[in-house]
Amino acid sequence: MFTTVFGKKIYYEIYGEEHSDTLLYLHGGPGASCLDFVNQAKALSRQIRIIILDQLGVLRSDAIAEDEDYSMEYQVEMFEEMRKSFGIGKWSILGHSYGGMLAVLYAHCYPESIHKVILDCPSLWFEDSARSTAEFLSGHIESHNNNAESELCQKLKTTDYQGGKESICDLMELLSCCTDMQLRNYLHGISFEEYQESMDTSEITNEMWAKAEQHLKKLMEKPSIPNGSSEKRVTMMDNFLPMVKEITQPILLLNGKFDPACTKRQIEYMLSNVQDIKQTVFENSGHFPRIEEAEKYTETVLAFLA
């Protein structure tokens, strides 16, 4: 289904429409889409209404034009506009990976719209996640005996990027060097082939996939600031940890034991500083416990929302 938000067509799906309580799923990537959450949405819909969507510039939603302004704040405003248009008083939100940043920003900007927040393997400080991922891939990269790859890996582990977008470029380059697709996708409990089989991509075209490049490019740009405004606009290169500790709604932190993106440093910060937080660790998962340990994931989320 499609809805129009600020003149843009946004693709979404609803499961469990008969339920009054609603959970909004915010995918990661950036640009990964909601495709791999469909099975969880169906499982969760036995007790709660689930809305999943492709963010602006991703897959089935409208593309972002070259000369178009786009920012995380704008995306959050789109979520809030959708809530109003669907006639929902309050909903809970679940953000995976980069979607965790969006969830934190949404709860920060519109706390009156949120019941509860679920952070699913969140990456709330990209530079820290990139450094951890380089450590995670070190053994594999060293096995290639390629000096350039090893130097890039070492650069990611030791450089203070000071919030610059170079960390994103370097991580993407390092991931492109990874020939083990299970490692490259931060999987542990399942193979890459099983991950692929968990979603239906039969109607997704190459043109749809290609939109994600512009989506990421726009997120890496510094957002424009309105004339006369002294407001600092956030970017995905910012550290969102100070923002998450200001959230007053109950938070559930879900993390895979072998996930390099949701780092030990970020987890410890949240558990020490967030007012109302619970944690569930998935012992046989990497970055996708909703697929790697699907039944436990469903029960954990439903128990928290109940």
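Helices (H or I, at least four residues) and strands (E, at least two) are DSSP runs, numbered from the N terminus. The model you have here is predicted: local features need pLDDT of at least 70, side-chain atom pairs count only at pLDDT 80 or more, and totals for chains, interfaces and linings use all residues. Residues are numbered from 1 along each chain as its sequence is written, and side-chain values use heavy atoms, with hydrogens and water left out.

**Exercise 1. Backbone angles in the loops**

Task: Find where serine 33 lies, and say whether serine 33 is buried or exposed.

Solution:
- Start with the place: serine 33 sits in the loop between S3 and H1, which are strand S3 (22-26) and helix H1 (38-44).
- Next, check phi, which is positive at about 80° although serine 33 is not a glycine.
- Then apply the cut-offs: buried means under 20% relative accessible area, exposed over 50%, and partly exposed in between (1.4 Å probe, protein chains only). Serine 33 has 1% relative accessibility, so serine 33 counts as buried.
- Proline 30 is in the loop between S3 and H1 too. A cis peptide bond joins glycine 29 to proline 30, with omega about -5°.
- For practice, repeat the steps with leucine 59, in the loop between strand S4 (49-53) and H2. Its phi is near 45°, a positive value in a residue other than glycine, and with a relative accessible area of 2% leucine 59 is buried.

**Exercise 2. The largest pocket**

Task: Work out what lines the largest pocket and which helix gives the most to the lining.

Solution:
- Begin with the search rule. On a 1 Å grid over the protein atoms alone, a cavity is a set of points where a 1.4 Å probe fits but cannot get out; a pocket is an open set with protein on both sides within 12 Å along at least five of seven lines, and lining residues have an atom within 4 Å of a point.
- Now the volume, meaning the space filled by probe spheres set on the points, with grid points joined across faces, edges and corners. For the largest pocket it is about 1,300 Å³.
- Look at the lining: there are 44 residues, and Gly29, Pro30, Ala32, Leu175 and Asn185 lie nearest the centre.
- Sort the lining by type, where Ala, Val, Leu, Ile, Met, Phe, Trp, Tyr, Cys and Pro count as nonpolar, Asp, Glu, Lys and Arg as charged, and the others, Gly among them, as polar. The result is 24 nonpolar, 15 polar and five charged.
- Finish with the elements: H9 gives the most, with seven residues. Among the others that give two or more are H3, helix H4 (126-142) and helix H6 (166-177).

**Exercise 3. Helix H9 and the cavity**

Task: Compare the span of H9 with its expected value, then follow leucine 219 to the largest cavity.

Solution:
- The expected span of a helix is 1.5 Å times one less than its number of residues. The 15 residues of H9 should therefore span 21 Å, and the end C-alpha atoms are 23 Å apart, which agrees.
- Buried residues of H9 include Ala212, His215, Leu216 and Leu219, and the buried residues of this helix pack against helix H2 (72-85), H3 and H6.
- Leucine 219 belongs to H9 and is buried, with a relative accessible area of 3%.
- Using contact (heavy atoms within 4.5 Å) and leaving aside neighbours within four places in sequence, leucine 219 meets Pro30, Tyr70, Met72, Tyr98, Thr235, Met236 and Met237. The C-alpha atoms of leucine 219 and threonine 235 are 6.7 Å apart, at 16 residues along the chain.
- A search of the whole structure finds one cavity of 30 Å³ or more. Its lining includes Tyr70, Met72, Leu219 and Thr235, and the lining divides into five nonpolar, two polar and two charged residues.

**Exercise 4. The nonpolar core**

Task: Identify which residues have the most contacts inside the largest nonpolar core.

Solution:
- Take the rule: a nonpolar core is a set of buried Ala, Val, Leu, Ile, Met, Phe, Trp, Tyr and Cys residues joined through side-chain atoms within 4.5 Å.
- The largest core has 68 residues, and Met72, Leu119 and Met236 have the most contacts inside it. Helix H3 (residues 98-109) gives the most to this core, with eight residues.
- A second, separate core of 21 residues includes Phe37, Val38, Leu252 and Leu254.
- Last, leucine 119 is in contact with residues including Gly95, Ala103, Leu252 and Leu254, its neighbours within four places in sequence left aside.
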